[in-house]
Amino acid sequence: MALLWIGALAGASPMWSQSMGLHLIPMPVSVSNISSQSLSAGIQITCSAPCAAEDEFAIADLKASLAEHGVTVNETAAVHVLVTRFGPPISKAIYQDSLPTEERMAHGDSPIEFPEPMKAEGYVIIPDGKGLAVTAESAEGIFYALQTVKQMVDAAPGRAAVLHTATIRDWPAMKYRGLDDDLSRGPVTTLEFQKKLIRTLAAYKVNLYSPYFEHTAGYAANPLWGPPGGTVTAADAAALVAYAKPYHVMIVPEQEAFGHLHHNLTWEQYQTLAETPHGAVLAPGQAGSLALTTQMLTELAGQYPGPFLHIGADETVDLGLGQTKEEVDSRGLAPVYLDFMQRIATAVEPLHRRLLFWGDIAQDAPDLLKQLPDKFKQQTIAIAWVYSPEPKGYDRFLNPFKNAGFETWVAPSVNNYRKVYPNNNLALLNIQEFARDGQRLGSTGLLNTIWNDDGEGLFNQDWYGILFGAAAAWQKGESSISQFQNSYAQVFHNDATGKLNQAQKELMAGHAVLKDQAKVGDASNSIFWLDPLSKDGLKIGAQVRPYTHELRLHAEAALTLIAEARAAAGAKAVAEHAAPTTAVYESEIYGAASSNLEEPDAVDAMELGARRMDLIGLNFQLADELVEGYQRAYAAQGSTDKKVRAAVGRELSDINGVNGRIEDMRDRYSLLRDMFAAEWLRSNRPYALRPVLEHYDYTVGLLLTRSDRFRSALRQWNDSHTLPSAAELGIPSALVTVPVGTK
């Protein structure tokens, strides 16, 4: 029977109606009885004795969050959060009061037990008349319950803090909810940022983080591989594992152990193991290949304790093109591939780890998969990866493994690779539908992915897709995209206006303009770097030109919304006599980095993405104006009319004078260079930044060279009233046009 004090709210102010719901990510399985209580006098947090050390950590984490939001935690506050593990009578009363009335009545006097699906990570929260009461059977459940409580505290700047109360029953749909983070194609995050990453992932109930390595893991036996300044050492690994443990986040290293080893195999001493010279794939027939793979995985296992190792083994595109050609020609690609996979599994069996592997190669051999030994199937987990929406669903990527008896996970993507900002049109649908189909087909995990293919990845741009991945893995069935979009800014940024939600949608709309209307893909880095007056630039510009206005309006709407959200949140206090620091410099670059919005680095990263998207459209507009202006000047060069000659001078000045078209391009790229560098260093080591900055410098250099040519043309005009041809200046004499709606 429930204790007397557990029941209806006493004196709660009805600020939130049932229909309004709560802004929560992920959304719990069930939420009811929503109301709120003022936190003007603070809040107390108590743990029923005995309080496990893990629960004390979770409570301390909650207290730290409350303090950051300006909520006082004291022992005399009338509002409280009561925490208890399931077992004592009070916890059973909490659980019983969380049940719907009909279920509670049907239960009668039967012994109260925590349901099996909720035991591992589930929890219950109820309003108890004094605040909230929380119970769970596990440390993970208590931790996740208090992460939800964090989101139920509304302490937006400029408003009185309140605790939203509700009856919540919650547990995950998928056992493993992870993020795979590319640390090998440019950016390598700092240890401090990885700690922040662990805290943030845990706050959204993600329980697995997988750093992706090709050559950036530090191996004592292979010291040549790790780049200076870009190597994740054994000490880094130990620190991260220890830090992640109380947050209930498992660190699972991914070391590519078959393909994607180009940087490793460019060293001369490993050339005999490469399928092709300086290629990316190990030759399975070479005895040293298995030894090398075994060494890597053995050393990693010593650094990262846990049940899993991820061996990659995707995109082995060189296999059969070099040393193994004869065998692949005679036996087929799949048998050779699967044989080596089995040899890897056998070799590392003493490590007692289950091996995760990407499914893209083996999925095309369903009959062979069925013939593999049961021991291999039990030792491995196949991860199907697809990074785009699939109109026909994802069954064909999972069924070859499911039907053969493999455990499966699904791997969507935040769709950040080679983009000025992630294309969340694709990411959200991909994550939503892959999680839905994976759950239906029995997949036990979701491993969301970040890829930095061109080395320009900025982690702080990826949170939108990361958090939706967390929601989709926790929530059962098809997660609501609109629900997530309407809660993201409030939950992640403490943005009471919701304007950052709309800013994300504007950037999605900008991508859609380029993909669906201009038919040029989306706002990619390749278009951002494209010289609009080059051969390729003219061709693509012809497709983009009709839509530059619409593209820029979306990007600029995002910038305006970001500015309005910052202004509404207000500015943080800054010490009057603070010495100049990198942080101050960054604040000056972004203009509002000291806003009270939470996760300001992610807001700045969104601003950078919007500015880069806007420059794509502006570049094509300015290039068109440059060409058309020079056409008019060149056509008038034979005139003796003073007004016409004056007009020529104005045209040349508009192209290359103060506030001219070339200067506009130069200044935008120069500004974005500094903004990019500042954002990079907030999460990454300096390693691998230089090539990106060189790209900015190279582009600015091209514009300066173009400026010099036009300066020479102006001198020629002043001397002889003649002009060089467009070809002599390296620009087209006319624009290429493509009718709207054609490719």
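**A walk from strand 5 to the pocket and the cavities**

In this predicted model, strand 3 (residues 80-85) and strand 5 are paired in the parallel sense, with 6 bridges between them. Within that pairing, V81 is the residue that stands opposite L132 in strand 5. Strand 5 also pairs with strand 4 (residues 123-127), and here the two run antiparallel and are joined by 4 bridges. L132 enters this second pairing as well, since P127 stands opposite L132 in strand 5. Strand 4 and strand 5 make up a hairpin that leaves 3 residues between them, and in its turn G129 adopts a positive phi of about 90°. As for the surroundings of strand 5 (residues 131-136), 6 of its 6 residues are buried, which means that the strand is largely enclosed by the rest of the structure.

From the strands we turn to the open spaces. The largest pocket holds about 1,100 Å³ of space. Its lining comprises 39 residues, and those closest to the centre of the pocket are S65, H69, V491, F492 and E598. Several elements contribute at least two residues each to the lining of this pocket, namely helix 1 (53-68), helix 5 (139-152), strand 6 (153-154), helix 6 (191-203) and helix 18 (488-492). Of the lining of the largest pocket, helix 1 provides the largest share, with 6 residues. Sorted by class, the lining of the largest pocket consists of 18 nonpolar, 10 polar and 11 charged residues.

Enclosed spaces are a separate matter. Over the whole structure, a search finds 7 cavities of 30 Å³ or more, and the largest cavity contains about 80 Å³ of space. There are 14 residues lining the largest cavity, and N416, K419, E456, G457 and L458 are the ones that lie nearest its centre. The lining of the largest cavity divides by class into 4 nonpolar, 5 polar and 5 charged residues.

A last stop is a single residue, S683, which belongs to helix 26 (residues 661-683). Is S683 buried or exposed? Its relative accessibility is 1%, and because buried means under 20% relative accessible area, S683 counts as buried. Once its neighbours within four places in sequence are left aside, S683 is in contact with T189, T190, F193, F459 and N460. Among these partners, F193 falls within helix 6 (191-203), one of the elements that each supply at least two residues of the lining of the largest pocket.

Key. Residues numbered from 1 in each chain as written. Predicted model: local features only at pLDDT ≥ 70, side-chain atom pairs only at ≥ 80, totals over all residues. Heavy atoms only, no water. 1 Å grid on protein atoms, 1.4 Å probe; cavity = no way out; pocket = protein on both sides within 12 Å on 5 of 7 lines; lining within 4 Å. Points joined across faces, edges and corners; volume = space filled by probe spheres on them. Nonpolar A, V, L, I, M, F, W, Y, C, P; charged D, E, K, R; others polar. Buried < 20%, exposed > 50% of the residue type's maximum accessible area, 1.4 Å probe, protein only. Pairing = 2+ DSSP bridges. Contact = heavy atoms within 4.5 Å.
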